[in-house]
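What follows is a walk through one protein chain, strand by strand and then residue by residue. Keep the sequence and the model side by side while reading.

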Amino acid sequence: MHMNMALKGINIAILWHFALAFVIVMLSTSNVSLAKKTKITGLKMNVIDHCWRWNPDWRRNRQQLATCSVGYAGKMTNNIGRGLTQYVVTEPSDNPINPKPGTLRYGTTMIKGKKWITFQRSMRIRLEKPLLISSFTTIDGRGVNVQIADNACLMIYKQSNIIIHGLRIHHCRSQPPSIVMGPNSKIISLGQVDGDAIRLVTASKVWLDHNTLYESEDGLLDVTRGSTDITISNNWFKNQDKVILLGHDDGFLRDKNMKVTVMYNHFGPNCNQRMPRIRFGYAHVVNNLYQGWMQYAIGGSMNPSVKSQANLFIAPKLGNKEVTWRNGERGSWKFYSVNDVFENGARFIETGAGGVKPNYNREQVFQAADARTVRSLTKSAGALRCIPRSRC
């Protein structure tokens with residue numbers, strides 16, 4: 001009897017060890033599969049997108065986005081945390097002097113402190129006058145189709161810590177001098193405003209990500225009058241003559257301090273020039289897709305510095321194949337190309353020996369991807385179509 005009980009004990013112990021070993025093997029196999037899947041998914045996304053787009057519950061974790069920015073804007077964690085107001089836009093109407101609760105202008109000007117603005121539904125907003133955006137504002141258009149079109153568009157004037165994500169901005173028109181509600185509920189007088197989709201004036205720490213911009217009267221994006229620490233990422237710029245202007249004019253010396261990162265954007269089709277055009281300052285242009293140009297892709301004046309890194313330049317079939325353009329004496333200019341890929345005969349004339357490094361800090365730094373992956377990295381450029389309970 002004691003012998004039988006002992007044998008049973010041994011058999012149970014053996015079965016237990018076999019079961020435990022099986023569980024360990026299954027967990028190990030599962031972890032390997034998950035690692036492979038994550039790695040494969042990661043190859044399809046750039047470093048910004050891979051920070052948040054994998055999460056099917058992104059809608060409940062919208063503020064995770066603020067931890068994902070890189071480049072000169074750095075992390076946008078000042079926009080989240082204690083004291084944050086969640087504001088929902090419920091209607092597309094606009095009153096430029098007396099904003100109504102529920103409208104976009106009310107959220108960007110009347111609410112003090114940190115605010116995260118989302119949209120209840122898809123809508124097309126026709127702004128009566130330029131929309132001024134206050135510091136510590138996030139405009140998050142994920143999950144719906146938000147269009148700002150057919151009249152005035154966006155302006156950031158002497159403000160900082162701003163995220164604009166997921167908007168479709170187009171057919172913007174110039175505006176005469178006007179009076180509008182500005183940041184902190186203060187009425188502001190504006191002069192003549194050109195028809196730009198987004199205009200930054202003396203702004204800092206601004207992140208423009210996953211927007212679609214096209215067909216506006218002047219340009220699509222102006223970064224001027226001492227604006228700095230800007231990241232322009234994952235946007236789709238198309239059907240436009242003048243695309244991005246960095247630097248106000250040849251006499252505005254404060255733009256010498258301007259630092260801008262232009263990354264993971266899709267330029268084209270039908271873009272003519274200024275992708276970007278830079279005066280005085282420094283631009284790190286990295287991992288962008290250039291789907292042709294007419295005059296040039298990257299240009300400048302007043303001795304700017306540009307590091308073009310691991311971009312894909314696809315020259316037009318006919319016309320100018322040269323990527324760059326320079327206005328005036330080249331002097332101490334530094335236009336240089338590192339690991340760019342050129343197709344259809346595209347070429348890049350370099351100026352300046354050695355170039356200038358971006359010198360990012362820990363919150364800004366990222367690793368440039370191989371230019372051969374740029375088609376994949378920019379495949380989702382522009383406003384995303386995010387489905388609830390699914391990855392964007």
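Strand β7 and strand β12 (residues 198-201) run parallel and are joined by 4 bridges. Within this pair, I156 has L200 in β12 as its bridge partner. The model is a predicted one, and the pairings described here are read from its coordinates. Strand β7, which covers residues 154-157, also pairs in the parallel sense with strand β4 (residues 131-132), over 2 bridges. There, L131 stands opposite L154 in β7.

L154 also has a place in the interior. The largest nonpolar core has 61 residues, and L154 and F119 are those with the most contacts inside it. What does F119 touch, once its neighbours within four places in sequence are left aside? The contacts of F119 are V88, V89, L104, I125, I139, D140, G141, V144, V146 and L167. A second core, separate from this one, has 25 residues, among them A66, V70, V286 and L384.

The next topic is a sheet of many strands. It is an open sheet of 10 strands, paired in parallel, and their order is β1-β2-β5-β8-β13-β16-β19-β23-β26-β29. Its edge strands are β1 (85-89) and β29 (334-338), each of which pairs on one side only. On average, neighbouring strands of the sheet are turned by 10° against each other, direction ignored.

Some of the pairings in this sheet can be followed by residue. Strand β5 (residues 137-140) pairs with β8 in the parallel sense over 4 bridges, and T137 has I162 in β8 as its bridge partner. Strand β8 then pairs with strand β13 (residues 204-209), again in the parallel sense, over 5 bridges. On that side, I162 stands opposite V206 in β13. I162 can thus be used to step from β5 to β13. How many of the residues of strand β8 (residues 160-165) are buried? The count is 6 of 6, and the strand is described as mostly covered. Further along the sheet order, strand β19 (residues 259-263) and strand β23 (residues 282-286) form a parallel pair over 5 bridges. In this pair, V262 has V285 in β23 as its bridge partner.

S178 offers a view of another strand, β10 (residues 178-182), in which it lies. Is S178 buried or exposed? S178 counts as buried because its relative accessibility is 11%, below the 20% cut-off for that label. Leaving aside neighbours within four places in sequence, S178 is in contact with K129, P130, I188, S189 and L190. One of these, S189, is 11 residues away from S178 along the chain, and the C-alpha atoms of the two are separated by 5.9 Å.

Several loops hold backbone features that can be picked out by eye. The peptide bond from G268 to P269 is cis, with omega near 5°. P269 sits in the loop between β20 (266-267) and β21 (271-273). N270 is in the loop between β20 and β21 as well, and has a positive phi of about 65° although it is not a glycine. A cis peptide bond also joins M275 and P276, where omega is about 5°; P276 lies in the loop between β21 and β22 (277-279). In the loop between β22 and β23 is F280, another residue that is not a glycine but has a positive phi, of about 70°. F280 counts as buried because its relative accessibility is 10%.

The last topic is charge. Side chains of opposite charge can pair when their charged atoms come close. A search of the whole structure finds 10 salt bridges. In one of them, the side chains of R53 and D49 meet at 3.1 Å, N to O, and both R53 and D49 are buried. Another joins the side chains of K100 and E91, with an N to O distance of 3.1 Å; K100 is partly exposed, with a relative accessible area of 45%. D370 forms a salt bridge with R372, their closest N and O atoms being 2.6 Å apart. How do these two partners differ in label? D370 is partly exposed because its relative accessible area is 35%, whereas R372, at 70%, is exposed. Elsewhere, salt bridges that share partners join R62, D140 and R142 into one network. D140 is also one of the residues in contact with F119.

Definitions and conventions. Residues numbered from 1 in each chain as written. Predicted model: local features only at pLDDT ≥ 70, side-chain atom pairs only at ≥ 80, totals over all residues. Heavy atoms only, no water. Core = buried A, V, L, I, M, F, W, Y, C linked by side-chain atoms within 4.5 Å. Buried < 20%, exposed > 50% of the residue type's maximum accessible area, 1.4 Å probe, protein only. Contact = heavy atoms within 4.5 Å. Pairing = 2+ DSSP bridges. Axes fitted to C-alpha atoms, helices over the stretch in contact; angles between N-to-C directions. Salt bridge = Lys/Arg side-chain N within 4 Å of Asp/Glu carboxyl O.
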